[in-house]
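Open the model in your viewer and set the cysteine side chains to sticks. The tour below moves from one cysteine selection to the next.

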Amino acid sequence: TTTYCWGDNFDGEVGDNSTTHRSQPVAVSTTVTFQSVSVGGFHSCAVRTTTGDAYCWGWNNFGQVGDGSAFEHTGPVAVSGLSASKVSTGQEHTCALGTVIPVCWGWNLDGQLGDGTFTDRATPGGVSGLTSSGLTGIAAGAQHSCVLNTSGVASCWGDNFDGQLGNGTTTSSTTPFSITGNPSP
């Protein structure tokens, strides 16, 4: 099946090898069939159906496309050395459930890559202290990220200015921590 995108395409985030705004769906320029697509602030990523290879395209000045470069791509390019079951795009970073560990790459101003640093990465790097075993989901927010395990427990990291990490504080974290307890109404 063909993957379609549309909308603002200033940085190539539609993936049709152009920067032309698209008010109707157009085919993403690839012969690869994707099982899932995630659309971020100014970039998009997808996971290939048969192999789990990840592809990204669009704005890339922080390395959020994951191919080791820092320039925009108007069509899909393979993420360096990554096979994944799920991918999620944030504002200017990307995370994925890799086969062994969850990984993130791109902008890291608030620790949203979860590797214990504030250093941007142009290729996938492991999230500290986590394995992909038992994880069912991953989500990249504007400047924070979370994973969910089979028991329904979330672990989050990154920007916490508005309490989005769920730990009862507004202190950001460069490494994941589990959110425990039941939410109160």
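A disulfide is counted here when two cysteine sulfur atoms lie within 2.5 Å. The model is predicted, and a search of the whole structure finds three disulfides.

**Stop 1: C146 and C156**

Select C146 and C156. A disulfide joins C146 to C156, with an S to S distance of 2.1 Å. Set up a dihedral about the S-S bond: the torsion for C146 and C156 is about 110 degrees, so this disulfide is right-handed. The pair links distant parts of the chain, with C146 in strand β11 (residues 144-149) and C156 in strand β12 (residues 154-158), ten residues apart.

Now turn on the solvent-accessible surface. Are these two cysteines buried or exposed? C146 has a relative accessible area of 18% and is buried. C156 also counts as buried, at 3% relative accessibility. The cut-off behind both calls is that buried means under 20% relative accessible area.

**Stop 2: C45 and C56**

Select C45 and C56 next. These two cysteines form a disulfide with an S to S distance of 2.0 Å. Which hand does the link have? The torsion about the S-S bond of C45 and C56 is about 110 degrees, so the disulfide is right-handed. C45 lies in strand β4 (residues 43-48) and C56 in strand β5 (residues 53-58), so the pair ties together parts that are eleven residues apart in sequence. Color residues 43-48 and residues 53-58 to see strands β4 and β5 with the link between C45 and C56. Both C45 and C56 are buried.

**Stop 3: C95 and C104**

Move the selection to C95 and C104. Their sulfur atoms are 2.1 Å apart and form a disulfide. The link of C95 and C104 is right-handed, with 105 degrees about the S-S bond. C95 is buried, and C104 is buried too.

**Stop 4: the pairing pattern, and C5**

Zoom out to show the protein chain with its bonded cysteines labeled. What pattern do the disulfides follow? With bonded cysteines counted along the chain, the pattern is 1-2, 3-4, 5-6.

Finish on C5, which is in no disulfide. Draw a distance from the sulfur of C5 to that of C45: the sulfur of C45 is the nearest cysteine sulfur, and it is 11 Å away. A disulfide requires sulfur atoms within 2.5 Å. C5 is buried, with a relative accessible area of 8%.

Definitions and conventions:
Residues numbered from 1 in each chain as written. Predicted model: local features only at pLDDT ≥ 70, side-chain atom pairs only at ≥ 80, totals over all residues. Heavy atoms only, no water. Helix = DSSP H or I, 4+ residues; strand = E, 2+ residues; numbered from the N terminus. Buried < 20%, exposed > 50% of the residue type's maximum accessible area, 1.4 Å probe, protein only.
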